[in-house]
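Please open the model in the viewer and keep the sequence panel visible. The tour below proceeds by selection, one stop at a time.

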Amino acid sequence: MYAYKCDACGELHHPKHFVCRKCGGTDFTETPLEGEATVLTWTKVYNLPEGYMKPYLCFVIARFDNGLTVSGQINSEQPVTGQRVKAVVGVVKEGVGRDFYGFIFEPAQSVA
Amino acid sequence: MRAVGIVGVGHTKFGRFTGSFLDMAASAAKEALDDAGVRPVTGHGIDQVFLASMGAGQVNKISGAASALVDTLNLRPAMAETVENGPASGASAVKLGYMAIASGLCDTVLVVGAEQMRVISGWEATDFVATMSHPEAEYPYGLTLPAFAGMFTRLYMDKYGVTEKDLAIVGVKNHENAMHNPVAHIKLVPNLYAITEDEDANVINPYVAEPLRVYHTCPVSDGAAALVLTALDSGREFNHKPVRIAGVGQATDTHVVAERREPTELFAVKESARRAYEMAGIGPEDIDVAELHDAFQILEIAESEEVGFFPKGTGHLAAREGKTRVDGEKPINTSGGLKAKGHPVGATGVSQVVEIVRQLRGEAGGRQVKGAKTGLTVNFGGFGNNVVSIVLTTRERG
Amino acid sequence: MATIDKMEQQLRPAETAMAPYPAKYITLASGEKMVVKQVARENCGIVLETVKPLMTVERDFYDIVASRIYSEVLGHMRYRVKDEYVLLGTVDGEIAGVVNGRLVDDKVGMSYHTMTIKQGLRIGAQLFAAKMEYHFDILGQDEVWIVAESPNGFKRWMIEYELVSRPETWHELGGVPTYVLTRELWEKHKAGKCTGRRPVPEELLAKAENPRLPGKYAQIPGFTR
């Protein structure tokens with residue numbers, strides 16, 4: 001998973017944009033997006049869409065220490081707002097012939 | 001620009017429609033044409049048909065559905081387009097109808113919104129609606145509209161002290177309103193105590209997406225609604241005095257919800273309403289009745305703040321105090337809203353306008369807001385990434 | 001009771017003594033109270049009449065479910081099914097839903113069907129939970145075998161309760177693949193799925209003891225009896 005850093009002003013984007021939101025620049029460099037983040041909000045969803053054979057799944061919006069904010073799944077039964085988490089890239093959805101990768105957060109202390 | 005008014009309304013009963021998609025869309029259209037006094041085939045004078053639907057192609061496997069509708073109604077050779085803008089498709093079609101007439105290209109336009117979602121299962125419908133989220137940063141994660149609404153609700157609770165009971169109060173109010181609306185999907189008023197405080201409440205009103213529960217969210221509905229729009233200077237006679245479209249505003253926000261700088265703000269709601277007010281030359285204090293997009297009850301609270309009815313962070317207090325009831329100072333969702341009237345996604349924006357027209361004509365029966373002259377609709381696409389607001393009035397042009 | 005001849009005795013299954021399901025009541029979202037109560041074998045005639053109109057409703061597999069409930073309950077009434085039970089949900093005395101099942105042996109239960117008449121109040125989910133409560137908490141069983149005949153059922157039971165797939169066991173309902181609710185899964189999900197209070201106040205119980213046929217069926221618009 002990558003952040004897209006504007007070559008002109010350094011503003012980070014995720015997902016990819018073609019024009020920088022800050023300076024209008026159009027050239028970006030991919031930088032790996034990883035490490036720790038803080039949970040801003042979370043939910044536990046019980047009515048999952050077609051394709052998920054699970055009774056529920058937890059999601060978060062989390063802010064990386066570099067300021068970038070993303071959505072992701074979280075491996076936790078009961079996330080907490082303000083909790084420190086670590087980003088792991090994993091299969092978020094199994095597709096036919098193509099799996100989808102994305103952020104799956106883990107509570108930071110459990111990833112030593 | 002030419003002034004545009006609405007002279008005909010039609011609306012199917014929301015819920016499960018057992019006929020075909022085209023039957024449903026045509027039923028609402030026919031009712032609107034009859035209401036206006038437009039006779040199909042000869043001299044109907046319909047220059048253009050806009051059909052709003054989010055899923056005609058994806059769910060019902062009908063592409064270019066407006067072409068089929070225009071022929072079903074024998075309105076050929078009227079121009080026809082299908083409009084897809086997620087759950088804001090309906091109001092987008094009204095906007096395009098307005099633009100077609102205001103520009104001088106058309107004199108009279110038929111706008112129809114139709115959605116038939118109950119032909120698929122609930123979780124397929126959830127997946128279908130989720131396809132409007134970002135195709136890489138959101139959709140593949142299993143993130144759905146209820147998931148975003150749940151996370152938004154939690155932020156609102158943390159910041160402003162909104163409670164689960166506040167959400168239930170808004171929902172029960174809308175269910176009560178729907179009991180007076182013959183076209184509403186749900187004809188059942190939940191008991192506030194039973195769904196919030198009773199010992200059984202956690203089980204009979206379970207979480208959908210914490211902290212949102214079943215009775216904080218709208219049902220999956222089929223339905224269609226239709227309007228006849230005309231130029232006020234066309235000289236044509238219709239059955240009804242026109243309700244004027246005084247303002248149309250639309251705005252977009254970041255497509256990815258996580259990218260918003262202030263996660264409790266619905267910028268596109270605020271901006272679209274501001275533009276609609278500005279065009280109408282009025283402010284929120286002039287609105288007598290409003291239909292806000294309450295797919296989740298938190299949205300009615302947040303939108304009531306963004307459109308300027310109540311200061312930020314106090315929408316839930318206004319609901320608690322009864323200010324948004326039919327007899328309150330700012331009646332919201334007299335139709336029952338998406339919560340109880342139902343939410344056939346592409347039809348919703350048109351349906352909201354139908355309700356305001358009925359209110360301004362004084363045809364709303366047991367849910368009538370006394371003396372209503374000016375109304376507002378807010379139709380919310382994505383999780384607030386594309387919002388259309390419309391101001392309607394029976395007052396003379398200022 | 002009429003005397004039973006020898007042939008009839010040969011035909012009847014040997015029955016196990018089963019603790020009765022203690023009636024309970026649940027407050028529905030409408031504020032109405034639903035009483036969940038076992039129906040005695042001799043009173044099951046009304047259950048047959050309840051499901052009969054749905055035997056021709058093709059949508060959502062109501063025809064299969066109604067026809068099968070009809071034959072299961074008829075079998076129960078006429079002593080052709082071993083160790084069966086029927087629970088009824090009534091609201092103000094009117095039948096809102098029905099569930100049934102039987103014992104495979106003293107440790108294993110078999111879920112038959114769940115039929116909701118009054119829709120929009122999660123009555124089916126409540127009655128299914130009551131049925132599982134009967135097997136685990138009243139009869140002390142270790143597991144219940146379950147199948148789904150509709151996608152809705154699959155979503156509700158297999159996914160929401162995380163049932164264990166055991167395709168090598170053929171369920172009595174046509175030999176379709178069996179899913180199993182184990183005691184461990186029941187304990188995990190019980191708090192979120194099963195509710196209600198006991199004892200049922202006398203007035204409520206009196207109404208539930210003389211249930212009325214449903215006046216309308218959401219599945220059959222314009223139904224009249």
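What percentage of the 225 residues in chain C is buried? Buried residues, meaning those under 20% relative accessible area (1.4 Å probe, protein chains only), make up 51% of chain C.

Before continuing, note the conventions. This is a predicted model, in which local features need pLDDT of at least 70 and side-chain atom pairs count only at pLDDT 80 or more, while totals for chains, interfaces and linings use all residues. Residues are numbered from 1 along each chain as its sequence is written, chains are lettered from A in the order in which they are written, and side-chain values use heavy atoms, without hydrogens and water.

**Stop 1: chain C alone**

Select chain C and display it as a cartoon. Chain C has seven helices and eight strands, assigned as DSSP runs (H or I, at least four residues, for helices; E, at least two, for strands) and numbered from the N terminus. Its C-alpha trace spans about 45 × 45 × 40 Å along the principal axes. Of the contacts in chain C (heavy atoms within 4.5 Å) with a separation of 6 or more, 67% join residues 24 or more positions apart.

**Stop 2: chain C against chain B**

Add chain B to the selection. This contact takes 24 residues from chain C and 16 residues from chain B. The two chains bury about 1,500 Å² between them, 56% of it on carbon and sulfur atoms; buried area is the accessible area (1.4 Å probe) lost on putting two parts together, summed over both. Next, show C:Ala29, C:Arg122 and C:Arg197, which supply 35% of the area that chain C buries against chain B, more than any other three residues.

Keep C:Arg197 in view and add B:Glu199: the two form a salt bridge, with the closest N and O atoms 3.5 Å apart. The count between chain C and chain B is four salt bridges, each a side-chain nitrogen of Lys or Arg within 4 Å of a carboxyl oxygen of Asp or Glu. Then colour strand E1 (24-27), helix H5 (151-159) and helix H6 (183-193) of chain C, each of which supplies at least two residues of the side that touches chain B.

**Stop 3: chain A against chain B**

Now select chains A and B. Here 34 residues of chain A are in contact with 28 residues of chain B, and the pair buries about 2,600 Å², 57% of it on carbon and sulfur atoms. Two salt bridges are found across this interface. Finally, display B:Glu259 and A:Arg21, which form a salt bridge with their closest N and O atoms 2.3 Å apart.

Technical notes. Buried means under 20% relative accessible area, exposed over 50%, partly exposed in between (1.4 Å probe, protein chains only).
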